[in-house]
Amino acid sequence: VRGCSGGSAPSAAPLWLLTAAKLGYTPVLAKTPPLEGLTTASTFVLEQPRCVFDDYGNADIWLVVALEKAASTFNNTAGPGTLETAFQDFPDPVSAYMTLNATLANYPCPKPPGDITVLRVGSETSCAQDKARPTCNGPLPGPGPYLVKFLALQGSEPVAETAWSERIMLRTAKPPSSISTTGSGHSAGMIAITTILSILFAILLAGLVAMLVFWGSDSCGGSSTFSKPESVTVRRYNTHHVYDQPAARL
């Protein structure tokens with residue numbers, strides 16, 4: 001019989017990693033129909049998990065959002081809305097939070113015509129700082145990378161879960177210093193044209209203002225209307241010649 005010193009037995013996996021059934025589904029970013037803003041600086045859009053949890057009709061389905069480095073150690077038994085999974089403390093000290101709870105009725109299978117089958121993660125701003133709403137679907141605090149999965153709970157017991165998604169990166173804004181103003185050949189020309197048009201517009205505007213001021217001052221000093229002068233009629237008079245009268249005789 002070998003003694004214990006001959007080798008060490010493999011360590012058992014933590015119980016909380018074995019309790020939920022593994023489902024053959026991986027969350028993905030929405031693909032159809034094409035959406036504007038599939039990823040932004042603080043949100044991303046996922047496909048809904050339709051026809052995934054059909055065997056768990058009494059379960060609540062939660063979305064788990066985790067930092068990539070924390071996904072492998074996420075505790076499935078950490079209840080939603082607890083200090084361990086509160087959105088308001090994400091990403092530090094909380095490295096994964098739970099949000100967007102739903103029931104199977106929210107994910108009918110097959111999809112009824114006209115149904116919207118996407119989830120926008122990070123769309124709620126009103127509860128981002130409200131600790132009374134620890135399951136807030138608040139804006140994501142950075143570019144990531146993030147991993148997500150769906151977890152079904154019956155009461156507080158995890159019964160089924162999907163695989164973790166591929167890494168999700170959000171958009172980042174370019175710093176002003178990295179934006180080139182001479183990158184394209186027509187940029188300088190466009191700037192010059194805009195400057196010239198601005199100067200011409202300023203000159204035209206100044207001229208209009210000057211004309212308005214001139215007209216206003218002229219109307220205050222007297223009437224600026226001109227009337228057609230009346231034609232002057234000159235009468236013609238015949239000149240009467242005065243004849244010398246003979247002197248009166250004495």
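**Contacts, disulfides and strands in a predicted model**

A polar contact of 3.0 Å joins the side chains of Thr43 and Arg120. The model in which this pair appears is a predicted one. Thr43 also uses its side chain for a polar contact with the side chain of Thr40, this one at 2.6 Å. As for where the residue sits, Thr43 belongs to the loop between strand S1 (21–22) and S2. Its relative accessible area comes out at 9%, and since anything under 20% counts as buried, Thr43 is buried. Setting aside neighbours within four places in sequence, the residues in contact with Thr43 are Leu38, Arg120, Val121, Gly122, Ser123 and Leu170. Arg120 thus turns up twice for Thr43, in the contact list and as a polar partner through its side chain.

Next come the disulfides. Searching the whole structure turns up two of them. A disulfide is a covalent bond between the sulfur atoms of two cysteines. One of the two joins Cys51 to Cys109, with an S to S distance of 1.7 Å. Cys51 is in the loop between S2 and S3 while Cys109 is in the loop between S4 and S5, so this pair ties together parts that are 58 residues apart in sequence. The torsion about the S-S bond of Cys51 and Cys109 is about 100 degrees, which means that the disulfide is right-handed. Both ends of the link fall in the middle class of accessibility: Cys51 is partly exposed at 39%, and Cys109 is partly exposed at 38%.

The other link is the one between Cys127 and Cys136, whose sulfur atoms are 1.9 Å apart. The Cys127 and Cys136 link is right-handed too, with 75 degrees about the S-S bond. Here, though, Cys127 and Cys136 are both buried, whereas Cys51 is partly exposed. Counting bonded cysteines along the chain, the connectivity reads 1-2, 3-4.

The backbone has a few spots that a computational chemist may want to look at. Cys51, already met as a disulfide partner of Cys109, has phi near 60 degrees, a positive value in a residue other than glycine. That residue lies in the loop between strand S2 (44–47) and S3. Leu100 is another non-glycine with positive phi, here about 50 degrees. Leu100, however, is part of strand S4, and its relative accessible area of 23% makes it partly exposed.

Then there are the cis peptide bonds. The bond from Asp92 to Pro93 is cis, with omega near 10 degrees, and Pro93 lies in the loop between strand S3 (60–67) and strand S4 (96–102). The bond from Gly144 to Pro145 is cis as well, again with omega near 10 degrees. Pro145 is placed in the loop between strand S5 (118–121) and strand S6 (146–154).

On to the strands, with S7 as the focus. Strand S7 covers residues 157–161, and four of its five residues are buried, so the strand is largely enclosed by the rest of the structure. S7 pairs with S1 in the parallel sense over two bridges, and Ala160 of S7 is the bridge partner of Ala21. With S6, S7 pairs in the antiparallel sense over four bridges. In that pairing, Pro158 in S7 stands opposite Leu153. S6 and S7 also form a hairpin with two residues between them, and Gly155 in the turn has a positive phi of about 70 degrees.

Last, the nonpolar interior. The largest nonpolar core takes in 32 residues, and those with the most contacts inside it are Phe44, Leu46, Phe53, Val65, Leu140 and Phe150. At least two residues of this core come from each of S2, S3, S4, S5, S6 and S7. There is also a second, separate core of ten residues, including Ala71, Ala96, Met98 and Leu153. Leu153 therefore links two parts of this description, because it belongs to the second core and stands opposite Pro158 in S7.

Conventions
Residues numbered from 1 in each chain as written. Predicted model: local features only at pLDDT ≥ 70, side-chain atom pairs only at ≥ 80, totals over all residues. Heavy atoms only, no water. Buried < 20%, exposed > 50% of the residue type's maximum accessible area, 1.4 Å probe, protein only. Polar contact = N/O pair within 3.5 Å; in protein donor to acceptor, adjacent residues only side chain to side chain. Contact = heavy atoms within 4.5 Å. Disulfide = S-S within 2.5 Å. Pairing = 2+ DSSP bridges. Core = buried A, V, L, I, M, F, W, Y, C linked by side-chain atoms within 4.5 Å.
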